[in-house]
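Welcome! Here are a few exercises to work through with the structure open beside you. Try each task before reading its solution.

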Amino acid sequence: VEHALRTFRAYPDDVAAAHRARGHWIGQTFTDLLDAAVERFGSRPAVIDGDRVLDYHGLDRAVRALAERLADDGIRRGDRVVLFLPNVAEHPVAVFALALLGALPVFALPAHRERELADIATRSAARAILTLGRPADAADADYAGIAGRGAPAGVRVLLVASADLDAPAPASRRESPARPDAVAFLQLSGGTTGGPKLIPRTHDDYLYSVRESAAICGLDEHSVMLVALPASHNFTMSSPGILGAIAVGACVVMCPAPSPDIAFPLIERHGVTTVALVPPLLIAWLDATHGERLRSLRTIQVGGAKLSEAVARRVRPELGCTLQQVFGMAEGLVNYTRLDDDEETIVTTQGRPISADDEVRVVDDHDQPVPTGTPGHLLTRGPYTIRAYLADDAVNRSAFTADGFYRTGDLVSVDDRGYIRVVGRAKDQINRGGEKVAPEELENLLLGHPVVHDVSVVGVPDDTLGERIAAYVIPRRDLEQAPRAIELRRFLADRGVARFKLPDTIEFVAAFPTTGVGKVSKVRQRTPESAAR
Ligand code: J2J
């Protein structure tokens, strides 16, 4: 990875030149973004976590202190460091501290467990895993323990804790400024066949999308953003997310868990104006709400998975705020409904791209464009969409067209105004309420169980989650002696996988339904009535 990164050319030279000429890429790094905010908004609150408030000066001090310590720990420019942190103040501090050193965060999710951490650290050839050295408020996970057990040989576990937030800033700044066209961090793709892929985003391209997102979402220094989804998710980092908030001098309130009992009191206490949710959380919030508690809230962004129109229609009357649908991806392209769009557009579409220079192509199975309004495969290219994964050529040849369009794997229709509706998915991935799961990963793990003869994992429709995970298992023994579902779930948990990947239902069957040509029919398994045939 180190070598691949050194020779990695994120965009062709002429394309990069065009994005600069258009004013999209302005040569800003993460460090530049923070410096500008500290200068302009110094004593305004930047990050709130429990009783702790960091103003912009305090954030800057903490960043410099942590960078100093990480440098002492041997973190150098270009090193990959897996960030394994929940929603705590240390999270943004760590992101900017790594940037100061020119090191690259690799964004693991706090729900990840030993197996995923090991995989992410190995894939990214990480120098270290950086995790929390204190108990997090409502979170139950022993992050340091999980990181310690998950870290591959030679990968160090580094801890960040409250003390780092209070440490005096070092006299001089230990810094190794990155070039704006360098890769700033690695995100992980949702994962389909072959596991998650590394997504390299540059300072230039990412911060363009961040600044535009902040403007589209109407963020300014009076905005208060509740960080309810995992801070490391691309949505939470950039749409407009933590970075968008910091860019305009807003305040981010770290929310340890997104449930109404934790989130609502924080909204009241801090006068939160905006929050990003996934559809199942919106449903939970709608069902728990007592309008006036959320009085300060002006916008609720919802994305990560398809929001049903029926739920979307409830937002304005029941919560009294504007819904913004967000259809984005860590690879780049992000679509928003605009705050001043008419209500029909807001509740029936997933928005339109950030940039006039985002190219959206909808094609049939043979890559031929379909007429406007006809569903097809979404391909995209633009000023903040990657041209390649940090992966070998074979992977990139199938994920991108020869002329550099990313094959999103989403089925969409686009109307004559350019608004997108997500109508389905062509990639082999389950979207469980915004959490992306690769069926293949679970199938391979379950095949390791001694009584499992064969297994097929699919997403089946679910009113709340959108999709839930169903595993169909052909046991080696008689059906009567098959293991119980709970045993198989425990088997998976013991393998160190995130809880959100554990199948919601496991059914033991004698055979799988097949297609005409004798292949397992996952389509039929997704419709429960026909699954067991
Ligand atoms: C339907 N499907 C959606 C939506 C994402 C902002 C918001 C979300 C993500 C994200 C993100 C959807 N309706 N509104 O990175 O910056 C599905 C699609 C898409 C995939 C990307 C952001 N919003 N999806 O969810 O990389 O299938 O990014 O291709 O996790 O989620 O997943 P991810």
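Which element gives the most to the shell around the ligand, and with how many residues?

**Exercise 1. Explore the shell around the ligand, starting with the question above.**

Solution. Keep in mind that you are looking at a predicted model.

- Step 1: Begin with the residues that come nearest. There are 23 residues around the ligand, and Asn234, Phe235, Gly303, Gly328 and Ala330 come nearest.
- Step 2: Look for the elements that give two or more residues to this shell. They are α10 (234-238), β13 (322-329), β18 (406-414) and β19 (420-425).
- Step 3: Now settle the opening question. The most comes from β13, which gives five residues.
- Step 4: Sort the shell by class. You should find 11 polar, eight nonpolar and four charged residues.

**Exercise 2. Describe how helices α13 and α14 pack, and find the residues that meet.**

Solution.

- Step 1: Locate the helices: α13 covers residues 279-288 and α14 covers residues 309-319.
- Step 2: Take the geometry. Their axes are 11 Å apart, and the packing angle is about 40 degrees.
- Step 3: Name the arrangement. Angles under 35 degrees would count as roughly parallel, and 65 to 115 as roughly perpendicular, so α13 is oblique to α14.
- Step 4: Add the handedness: the crossing of α13 past α14 is left-handed.
- Step 5: List the partners. From α13 come Pro279, Leu282, Ile283 and Leu286, and they meet Val311, Arg314, Glu318 and Leu319 of α14.
- Step 6: Classify these residues. Six are nonpolar, two are charged and none is polar.

**Exercise 3. Do the same for helices α6 and α7.**

Solution.

- Step 1: Find α6 at residues 114-123 and α7 at residues 143-150.
- Step 2: Their axes come within 8 Å and cross at roughly 55 degrees, which means that α6 is oblique to α7.
- Step 3: This crossing is right-handed.
- Step 4: On the α6 side, the contact uses Glu114, Leu117 and Ala118; on the α7 side, Ile146, Ala147, Arg149 and Gly150.
- Step 5: By class, the contact of α6 with α7 has four nonpolar, two charged and one polar residue.

**Exercise 4. Work out how strands β18 and β19 are joined.**

Solution.

- Step 1: Check the sense of the pairing. β18 and β19 pair antiparallel, over five bridges.
- Step 2: Pick out one facing pair: Val414 is opposite Ile420 of β19.
- Step 3: Follow the hairpin. Five residues lie between the strands, and Gly418 has a positive phi near 95 degrees there.
- Step 4: Link back to the ligand: both β18 and β19 are among the elements that give two or more residues to its shell.

Definitions and conventions: Residues numbered from 1 in each chain as written. Predicted model: local features only at pLDDT ≥ 70, side-chain atom pairs only at ≥ 80, totals over all residues. Near = placed C-beta within 6 Å. Helix = DSSP H or I, 4+ residues; strand = E, 2+ residues; numbered from the N terminus. Nonpolar A, V, L, I, M, F, W, Y, C, P; charged D, E, K, R; others polar. Axes fitted to C-alpha atoms, helices over the stretch in contact; angles between N-to-C directions. Parallel < 35°, antiparallel > 145°, perpendicular 65-115°, else oblique. Left-handed = near helix turned anticlockwise from the far one by under 90°. Contact = placed C-beta atoms within 7 Å. Pairing = 2+ DSSP bridges.
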